[in-house]
Amino acid sequence: MLVASKLSAVGLLMAGAVFAAPAAPTFYKDVLPVLQNNCQSCHRPGEPGPMAFLDYKGTRPYAKAIKSAVLTHKMPPWPADPHYGKFENDRHLSDADIKTLTAWADTGAAEGDAKDAPKPVAWVEGWTIGKPDLILQYPKAIDIPATGTIEYQYLVIPTGLTKDTWVTAAEIVPGQRSQVHHIIAFLRPPGSHYMEEAKPGIPFIPNKENRTAGRTRGGADDMPSELLVGFAPGMPADHSPEGAAKLVKAGSDIILQIHYTANGTASSDLSKIGLVFAKSEPQYRQLTINAAQNKFAIPAGDPNYEVKSEITLQDDSELVNLMPHMHLRGKDFLYKAVYPTGETSTLLSVPKYDFNWQLVYYFEKPLVLPKGTRIECTAHFDNSVNNPANPDPTKEVKWGDQSWEEMMIGWFDVMIPAKNSPLSLYRSKTAE
């Protein structure tokens, strides 16, 4: 009996050794690689993350908060329904990464040995696109008042380019992130009448009638003004798929549409835009277009008001990305493609839209859109008291520039053969 007991005890000890709990994760060996790959693009000095996750000292106080954020999928932000579309920039953390971060928090958030740390990421100061080939900046800082409604301002910046130039990546870096609601860079080729009243380098505030007229008149070839790149909270830099680029014609100007929001403190902004040039002439031209709807009135208190928009593409193209845009009452957004055959496909569903994250969803592979394909967008708005971001649920809401008004825009990028005119997307060849 005694021998049996001893053998049993030895067996239990051996089993315990075999099934011993794995070593608790440490910051340098286990956690830092996850942060580098998924978090540091925002969580570093000068970027939108409110704290930096570059080292143990800066990260340790937020261990429990990190655990909560990843378990609830609040971070990294990615509100798209995973059942639709495959996107190259999907920010979902893997189950293994979530397990690592939560286990680190649960086991005391140990530092570990700094020798186990991966090599630091060589972030380019202020840029996520790498070092730009061309940087354009305001000639003078723009003052931002502490209070009041700030109208959209437009700023003309000549590119100085003497030859047609293909751009594969572009990024806007705001000088005053806390008060920049958005900045959009439009291209104005030679001969365009868009914002012709504006003088280079001088902020210009047009009346709404002129602003609309200028945009629809477009360029010399009757194209609507072409969007190059934009900035909004959480919006990534713009990059083109391999073999594609955006065209900036020789002598073009960039017109910045600038929207500031007062936050109680007067300041100034000196934003800049960076461009990366193609190393050779691309096979495809990338274009940013949209399906928008500005004819709506959201009733006071309505928790689920629906707005739809659509656009039919009049030539073959390939779909590169999608970017839904609404304001503070935005609730959800859906893109569908209706093909000439009558078949339909859900391209993207964002069931919990968040104005604080204006994300662009890049497809893993561009999707072929045959001539006659219709892009349909459906959005819902929550103008009720149950929406914590709602500025005033007692007011009817219509289209407007300010955050307390609303917009409904389904932005998307397509590619066409580089030799083709963009007008082919807007005009039916049989109608010409």
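In this predicted model, Pro 76 is found in the loop between helices α4 (63-71) and α5. The peptide bond that leads from Met 75 into Pro 76 is cis, and its omega angle is near -15°. The loop between α4 and α5 is also the place of His 73. His 73 is not a glycine, yet its phi is positive, at about 60°. A second residue with a positive phi is Met 195, which is likewise not a glycine and has a value near 55°. Met 195 sits in the loop between strand β5 (180-188) and helix α6 (208-217). With a relative accessible area of 3%, Met 195 falls under the 20% limit and is therefore buried.

The protein as a whole contains seven helices and 21 strands. Of its 432 residues, 45% are buried. The exposed area of the protein is about 21,600 Å², of which carbon and sulfur atoms supply 55%. Contacts were also sorted by distance along the chain. Among those with a separation of 6 or more, 82% join residues that are 24 or more positions apart.

Helix α2 spans residues 27-38, and its buried residues are Phe 27, Tyr 28, Val 31, Leu 32, Val 34, Leu 35 and Gln 36. In an α-helix there are 3.6 residues a turn, so residues three or four places apart point the same way. Such spacings occur within the buried set of α2, for example from Phe 27 to Val 31 and from Tyr 28 to Leu 32. The cover over the buried residues of α2 includes helices α3 (56-59) and α5 (95-106). Beyond this helix, Gln 40 lies in the loop between α2 and α3. Although it is in a loop, Gln 40 is buried, because its relative accessible area of 3% is under 20%. Two residues of α2, Leu 32 and Leu 35, are in contact with Gln 40, as are Phe 53, Leu 54, Val 121 and Trp 123; neighbours within four places in sequence are left aside here.

The largest nonpolar core has 37 residues, and those that touch the most other members are Ile 375, Phe 412 and Val 414. Two or more residues of this core come from each of the strands β12 (284-292), β14 (305-312), β15 (317-325), β16 (330-338), β17 (344-350), β18 (361-369), β19 (374-381) and β21 (409-417). Strand β19 gives the largest share, four residues. When residues up to four places away in sequence are not counted, Val 414 touches Arg 285, Gln 286, Leu 287, Ile 289, Leu 313, Ser 317, Glu 318, Leu 319, Val 320, Leu 369 and Leu 425. Another core, of 26 residues, lies apart from the largest one, and its members include Tyr 138, Val 180, Ile 183 and Leu 275.

Two further residues were examined in the strands and loops of this part of the chain. Ala 337 lies in strand β16. Its relative accessibility is 0%, so Ala 337 counts as buried. Outside its neighbours within four places in sequence, Ala 337 is in contact with Glu 343, Thr 344, Ser 345, Leu 347, Thr 373, Arg 374 and Ile 375. The C-alpha atoms of Ala 337 and Leu 348 are separated by 9.8 Å, and the two residues are 11 apart along the chain. Asn 420 lies in the loop between strand β21 and helix α7 (423-426). Its relative accessibility of 23% is between the limits of 20% and 50%, so Asn 420 counts as partly exposed. A separation of 8.9 Å was computed between the C-alpha atoms of Asn 420 and Tyr 284, which are 136 residues apart along the chain.

The interior was also searched for enclosed space. Rolling a probe the size of a water molecule over the atoms shows where empty space is left. Three cavities of 30 Å³ or more were counted. The second largest cavity has a volume of about 50 Å³. Its lining consists of Pro 79, Pro 324, Val 350, Tyr 353, Asp 354, Trp 357, Gln 358, Leu 359 and Tyr 361. By type, seven of these lining residues are nonpolar, one is polar and one is charged.

Key:
Residues numbered from 1 in each chain as written. Predicted model: local features only at pLDDT ≥ 70, side-chain atom pairs only at ≥ 80, totals over all residues. Heavy atoms only, no water. 1 Å grid on protein atoms, 1.4 Å probe; cavity = no way out; pocket = protein on both sides within 12 Å on 5 of 7 lines; lining within 4 Å. Points joined across faces, edges and corners; volume = space filled by probe spheres on them. Nonpolar A, V, L, I, M, F, W, Y, C, P; charged D, E, K, R; others polar. Buried < 20%, exposed > 50% of the residue type's maximum accessible area, 1.4 Å probe, protein only. Contact = heavy atoms within 4.5 Å. Areas by Shrake-Rupley, 256 points an atom, 1.4 Å probe, with all protein chains shown as cover. Core = buried A, V, L, I, M, F, W, Y, C linked by side-chain atoms within 4.5 Å.
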